[in-house]
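Biologist: Could you take a close look at how side chains pair up in this one, and then carry on to whatever else sits around those spots? I'd like one connected walk-through rather than a list.

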Amino acid sequence: MTTPPRLMTRVKRPLATAAAAALVLPLTVAAVAPAAASTVLVDRGWPPYPGSSGYVSPYATTSSLDTTEATDEQSAGLVTITSEVEFGAGEAAGSGIVIGSDGLVVTNHHVVEGATSIRVTVVTTGRTYDAEVLGTNAKRDVAVLRLEDASGLATASTDVSGVAVGEDVTAVGDAGGDGGALTAAAGTVTDTNHPITVSDEQTGAAHRLTQLIEVDADVIPGDSGGALLEPDGNVVGMNVAASAGSANITGYVIPIKRVLRIAAHVIAGEQTASITLGYDAFLGVSLAGTGTALAGVVDGGAAADAGLSAGDTITSLGGTSVTTYVQLQKAVAAHDPGDSVRVTWTDASGAPHSATVTLGRAPVA
């Protein structure tokens with residue numbers, strides 16, 4: 001049975017246990033890694049996937065890959081991206097495309113999903129920047145980043161006119177997620193309108209990535225967010241997924257016209273049903289059940305700084321009484337990162353407490 005395609009983020013080390021990951025919930029229980037679907041296996045890079053064990057490459061070796069080191073011309077306007085996931089529970093690596101000389105970069109949403117800090121390195125200069133997420137479209141798997149204190153960056157040349165079946169192309173990205181020089185995988189376009197299905201293994205929710213470019217190039221983990229180039233060097237798409245478990249690798253690419261259209265909405269500050277801008281507010285607690293009793297707090301988070309700890313029960317936030325997890329979610333969601341709010345709670349003995357806290361910034365949703 002052929003292993004279905006997967007998203008191509010390189011996970012450098014596994015996420016911590018579910019209990020630890022649950023500590024990152026202001027608005028969701030945890031940022032979970034998507035997994036098996038009917039046609040596509042989605043994860044943050046390496047397995048685990050059904051039938052596997054451990055975080056290892058889905059490819060037995062790299063010696064059989066038809067790739068070369070990318071040239072300076074092929075690397076122009078491209079970056080590598082390293083994210084700390086869930087406050088140090090893991091790290092992920094991918095690629096990105098510079099679309100603005102002032103530090104605007106596009107990549108896949110799944111490259112930065114769950115990120116609590118992001119570092120971006122411009123390949124041709126070697127300079128590294130801290131980055132923040134301006135906005136995402138999870139449905140289309142696109143994210144827009146801004147590099148801090150960046151200016152005068154070389155941008156990628158793009159061609160929005162599309163590609164044709166049989167056209168020669170080259171997929172470029174940080175294959176293997178090891179940083180340094182990028183890798184180029186030459187191939188041809190085999191389809192210009194290919195759909196794949198992705199699913200969340202914990203919720204079972206599924207959605208489709210449609211109208212993708214399909215290529216017979218050796219796209220592997222770490223290439224996510226990288227560029228698909230025409231022979232003249234213009235970017236025609238952004239790498240997003242690839243098949244696994246077979247010597248014959250098929251890559252899937254989002255047309256650059258769609259990527260740039262989504263980026264334009266994000267840059268203009270247009271939040272829609274599919275586009276999320278910025279970050280959610282973050283209290284930094286893990287709940288013991290459906291109520292508001294705490295199982296733990298995130299070190300350095302707002303709740304921990306206020307003195308809350310496991311066994312406490314939150315009774316109100318920002319003047320709103322809360323008795324359930326959903327109510328607490330809504331109370332936090334009504335605020336922005338940096339807002340000061342009053343929190344009241346009782347400790348394990350029933351004694352009341354209160355404090356004013358400054359809400360933090362949640363992991364990328």
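Modeller: Here's the walk-through, starting with the charged pairs and moving on to the rings, a few loops and a helix. Keep in mind that this is a predicted model.

Side chains of opposite charge can pair when their charged atoms come close. In this model the count comes to 3 salt bridges. Take D102 and R146, whose side chains meet with 3.3 Å from N to O. That bridge links distant parts of the chain, since D102 is in the loop between β5 and β6 (104-107) while R146 is in strand β9, 44 residues apart. How accessible are the two partners? D102 has a relative accessible area of 36%, so it counts as partly exposed, and R146, at 29%, is partly exposed as well.

Next up is D130 with R119, where the closest N and O atoms are 2.7 Å apart. Here both partners sit in strands: D130 lies in β8 and R119 in β7 (residues 115-122), so the bridge ties together parts that are 11 residues apart in sequence. D130 comes out at 35% relative accessible area, which puts it in the partly exposed class. R119 is partly exposed too, with 40%.

Strand β8 turns up again in the bridge between E132 and R361, which has an N to O distance of 3.7 Å. E132 lies in β8 and R361 in β24 (residues 360-361), so this pair ties together parts that are 229 residues apart in sequence. E132 counts as partly exposed at 29% relative accessibility, and R361 is partly exposed with 37%.

Now for the rings. The count comes to 1 aromatic pair, and that pair is F87 with F282, stacked, with 5.1 Å centre to centre and 20 degrees between the planes. Why "stacked"? The planes are 20 degrees apart, and planes under 30 degrees apart count as stacked, so that's the class the pair gets. F87 is in the loop between β4 and β5, whereas F282 is in strand β17 (residues 281-282), and the two are 195 residues apart along the chain. Buried or exposed, how do the two rings' residues come out? F87 is partly exposed, at 36% relative accessibility, but F282 is buried, at 3%. The cut-off for buried is under 20% relative accessible area, so F282 falls inside it.

F87 has a backbone feature worth a look as well: its phi is near 60 degrees, a positive value in a residue other than glycine. The loop it belongs to runs between β4 (78-85) and β5 (90-100). D141 also has phi near 60 degrees, again positive in a residue other than glycine. D141 is in the loop between β8 (128-137) and β9 (142-147). D141 is buried, with a relative accessible area of 4%.

For a polar contact, go to H110 in helix α3 (residues 109-112). The side chain of H110 makes a polar contact with that of S224, at 2.7 Å. H110 is buried, with a relative accessible area of 3%.

Another serine to check is S157, in the loop between β9 and β10 (168-173). S157 is partly exposed, at 45% relative accessibility. Its C-alpha atom is separated by 8.4 Å from that of I99, 58 residues away along the chain. Beyond its neighbours within four places in sequence, S157 is in contact with G233, N234 and V235.

Let's finish on helix α4 (residues 256-267). With 12 residues at 1.5 Å a residue, α4 should span 16 Å, and its end C-alpha atoms are 16 Å apart, which agrees. Which residues of α4 are buried? They are I256, R258, V259, I262, A263 and V266. Looking down the axis of α4, those residues fall within an arc of 155 degrees, so they line one face of the helix. After α4 comes G269, with a positive phi near 75 degrees.

Note on methods. Residues numbered from 1 in each chain as written. Predicted model: local features only at pLDDT ≥ 70, side-chain atom pairs only at ≥ 80, totals over all residues. Heavy atoms only, no water. Helix = DSSP H or I, 4+ residues; strand = E, 2+ residues; numbered from the N terminus. Buried < 20%, exposed > 50% of the residue type's maximum accessible area, 1.4 Å probe, protein only. Polar contact = N/O pair within 3.5 Å; in protein donor to acceptor, adjacent residues only side chain to side chain. Expected span 1.5 Å × (residues − 1). Arc of directions from axis to C-beta. Contact = heavy atoms within 4.5 Å. Salt bridge = Lys/Arg side-chain N within 4 Å of Asp/Glu carboxyl O. Phe/Tyr/Trp six-rings, centres within 6.5 Å; stacked < 30°, edge-to-face > 60°.
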